[in-house]
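Grab a pencil and work through these exercises with the model on screen. Try each task before you read its solution.

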Amino acid sequence: MQNSDLLQVAQNYGCPLYVYDADKIVSQYNRLVKAFNKIENFKVHYAVKALSNVNILKLLKNEGCGLDTVSIEEVLLGLHAGFDPSEIMYTPNGVSFEEIERVAQMGVQINIDNLSILEHFGAKYPTVPVCIRVNPHVMAGGNANISVGHIDSKFGISIHQMPHILRIVENTKMHINGIHMHTGSDILDVEVFLYAAEILFESAKQFKTLDFIDFGSGFKVPYKKGDIETDIEEFGRKLSKRFLAFEKEYGRSLTLVFEPGKFLVSEAGSFLAKVNVVKQTTSTVFAGVDTGFNHLIRPMLYGAEHHIENISNIKGKERYYSVVGYICETDTFATNRRISEIHEGDILNFKNAGAYCFSMASNYNSRTKPAEVLWRNGAAVLIRERETFEDILRNQVEIDI
Ligand SMILES: *Cc1c(COP(=O)(O)O)cnc(C)c1O
């Protein structure tokens, strides 16, 4: 996808616009599979919440990928995209027992992350295979909002509660077929991860009937120059070696599972916005774009830095800008950022806009959500229409006032 392609796509479909490069998604998937090619049973479950357009799910399904879901709606999306229930993992947190029952009845793999549900579910459905999400309490870096391994985290069953887990399993005679951890996004330092993996192996030994071990995600992708990226190849070599040794020790063949979201789709995404105003104040130059945190919330929510390029003036002289959105409260995408000279009407490309961007978009300020386009085989195809004003009114019930 060249900048000239992106400019053309912006012209054809308008801004703001999300564009995803299908080849990039597939190549990330293949990179992960290749890094673990020593493992006979290796499975990737794409975390739907990162980017949930049904076409993205189908694209990954064609590559042999499964799904990781966190809501019944994501499960339904996966089934709609043609996934077999057995290829879907459901990892809810704090949802109702009724929702878990409904998903289990669909034949989807259930992953339980608290003792009370485990006890209740085991008593009622002792024959339904269940995976257990443990919290190994290992974390390193990352934003506090996306770190889920710390001691106060609401995710997973604490590793220190293993005796209680075992008592429930013994009492209910429930069938535990998998063990899982997800220590959070953006923290994949290989050594820290391997340490957490050891804790998971230790817990796995407590169960005799496992079919898989799911190591979650946490793969770090570079958002800006100088960002550290998880060395997938090194990670693959090291974890594979350890996993194969564990499998021998365990005495039963196991599937190694990962469930990345960001790693698969982040870099494939571009978010295109048009500059409405260039405003010089006494202290800074603002570039005001035709979008805001209603469409791309990561900078405001996590302090995430998305690299921004002025694709209308790639070779222009660089100057310092604050790029701001149109929402009527603080709405800053970037402060004091070097970008090639911006003129009103230019198109800015926010890079790494594949994961947690459109999927977190809202209608705040009564704005419509952007369109989504897939770039595939050298051409653009629309995969989600831009919302219209009718969508803003759609579920509102107008009463006599
Ligand atoms: C969000 C999530 C993922 C994906 O995390 P990424 O950082 O996008 O790779 C994986 N597993 C679970 C349980 C999640 O909640």
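**Exercise 1.** Find where UniProt places the feature "modified residue: N6-(pyridoxal phosphate)lysine", and work out why that residue counts as partly exposed.

*Solution.* Step one: the unreviewed UniProt entry puts this feature at Lys 49; such annotations may be inferred rather than shown by experiment. Residues are numbered from 1 along each chain as its sequence is written. This is a predicted model, where local features need pLDDT of at least 70, side-chain atom pairs count only at pLDDT 80 or more, and totals for chains, interfaces and linings use all residues.

Step two: look in the loop between strand S2 (42-47) and helix H3 (54-62), and there's Lys 49. (Helices, H or I with at least four residues, and strands, E with at least two, are DSSP runs numbered from the N terminus.)

Step three: Lys 49 is partly exposed because 16 other C-beta atoms lie within 10 Å; 20 or more would make a residue buried, 12 or fewer exposed.

Step four: leaving out residues up to four places away in sequence, Lys 49 touches Val 70, Glu 74, Gly 261 and Ser 359. Contact here means C-beta atoms, placed from the backbone, within 7 Å.

**Exercise 2.** Describe how domain 1 and domain 2 are placed and how they meet.

*Solution.* Start with the bounds, which come from an automatic or database assignment: domain 1 is 36-259 and domain 2 is 269-384. Next, their centres, taken over C-alpha atoms, are 33 Å apart. Finally, 12 residues from domain 1 and 17 residues from domain 2 make the contact.

Methods: Contact = placed C-beta atoms within 7 Å.
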